[in-house]
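Hi everyone, thanks for making time for this. I'd like to walk you through one structure, so let's put it up on the screen.

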Amino acid sequence: MRSTDGEGEGADKRDFLMNESETIDPRELNPLALAFVGDSVLELLVRTRLARHHRMSAGKLNVEKVKYVSARAQFREEQLEPLFTEEELSVFKRGRNASKASVAKHASPEEYRASTGFECLLGWLYLTGQMARVEELFDALWQQFDPNQK
């Protein structure tokens with residue numbers, strides 16, 4: 001439908017994006033949409049943990065953050081699989097098996113798929129209101145993580 005207010009197609013897109021009358025069940029979302037949310041959840045958790053426990057400039061905090069949120073670092077998240085419930089494992093696998101058009105510069109395809117799976121799981125947990133579980137998995141990940149490990 002064309003806009004007649006002189007703003008053209010841009011106004012139509014804004015109207016479409018601002019229509020929030022429907023809430024989509026997270027189980028119906030594409031795994032990459034869940035990973036889109038989960039990526040932000042993980043980044044916020046890492047940023048919060050670093051800022052709360054280290055006195056560094058924003059630039060240095062960012063350098064440290066990258067060590068924790070890179071695909072290579074997230075690949076270690078597969079070590080958390082034994083902690084996943086059956087439903088969580090299913091969501092993780094949906095994300096891991098989702099096709100992606102690109103792969104991160106500094107990660108193998110296997111590492112990239114695993115990180116996408118974990119981000120998908122975090123996104124699903126977040127959108128289903130399971131923040132205590134997000135924190136539990138993040139704490140387990142944080143305890144085993146060595147930012148200097150290559």
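Let's jump straight to helix 2, residues 31-53, and helix 7, residues 131-144: their axes cross at roughly 60 degrees and come within 11 Å. One thing to keep in mind as we go is that this is a predicted model. That angle is outside the 65 to 115 range that counts as roughly perpendicular, and the two helices are therefore oblique to each other. If you care about handedness, the crossing of helix 2 and helix 7 is right-handed.

Who makes the contact? On the helix 2 side you've got Val41, Leu42, Leu45, Val46, Arg49 and Leu50, and helix 7 answers with Val134, Glu135, Phe138, Asp139 and Trp142. Sort the residues in this contact of helix 2 with helix 7 by class and you get 8 nonpolar, 3 charged and no polar ones.

Hang on to Val46 for a second. Leaving aside residues up to four places away in sequence, Val46 touches Phe138 and Trp142, and also Lys65, Tyr68 and Val69. Val46 turns up again in the largest nonpolar core, which has 27 residues. Along with Phe84, Phe118 and Leu121, Val46 is among those with the most contacts inside that core. As a general point, nonpolar side chains tend to be buried together in soluble globular proteins.

So where does this core come from? Two or more residues each come from helix 2, helix 3 (58-69), helix 5 (86-97), helix 6 (109-127) and helix 7. Which helix gives the most to this core? That's helix 2, with 7 residues.

Now, helix 2 has another partner to look at. With helix 6, helix 2 packs at an angle of about 85 degrees, and their axes are 6 Å apart. Anything from 65 to 115 degrees counts as roughly perpendicular, and helix 2 and helix 6 are therefore described that way. From helix 2, the contact uses Pro31, Leu32, Leu34, Ala35, Val37, Gly38, Asp39, Val41 and Leu42. From helix 6, you'll find Thr116, Glu119, Cys120, Leu122, Gly123, Trp124, Tyr126 and Leu127. The split for this contact of helix 2 with helix 6 is 12 nonpolar, 3 polar and 2 charged.

While we're at helix 6, have a look at Tyr112, which is found there. Is Tyr112 buried or exposed? Its relative accessibility is 17%, so Tyr112 counts as buried, the cut-off being under 20%. Tyr112 and Arg96 are 16 residues apart along the chain, and their C-alpha atoms are separated by 8.3 Å.

Over in helix 5 there's Val91, and with a relative accessible area of 6%, Val91 is buried too. Not counting residues up to four places away in sequence, Val91 touches Cys120, Leu121 and Trp124. Between Val91 and Gly117 there are 7.5 Å from C-alpha to C-alpha, although the two are 26 residues apart in sequence.

Okay, let's zoom out. The whole chain has 7 helices and 0 strands, so to speak a pattern of α-α-α-α-α-α-α when you read along the sequence. It has 150 residues, and 36% of them count as buried. And if you take the contacts in the chain with a separation of 6 or more, 67% come from residues 24 or more positions apart.

That's my tour, and I'm happy to go back to any view.

Conventions. Residues numbered from 1 in each chain as written. Predicted model: local features only at pLDDT ≥ 70, side-chain atom pairs only at ≥ 80, totals over all residues. Heavy atoms only, no water. Axes fitted to C-alpha atoms, helices over the stretch in contact; angles between N-to-C directions. Helix = DSSP H or I, 4+ residues; strand = E, 2+ residues; numbered from the N terminus. Parallel < 35°, antiparallel > 145°, perpendicular 65-115°, else oblique. Left-handed = near helix turned anticlockwise from the far one by under 90°. Contact = heavy atoms within 4.5 Å. Nonpolar A, V, L, I, M, F, W, Y, C, P; charged D, E, K, R; others polar. Core = buried A, V, L, I, M, F, W, Y, C linked by side-chain atoms within 4.5 Å. Buried < 20%, exposed > 50% of the residue type's maximum accessible area, 1.4 Å probe, protein only.
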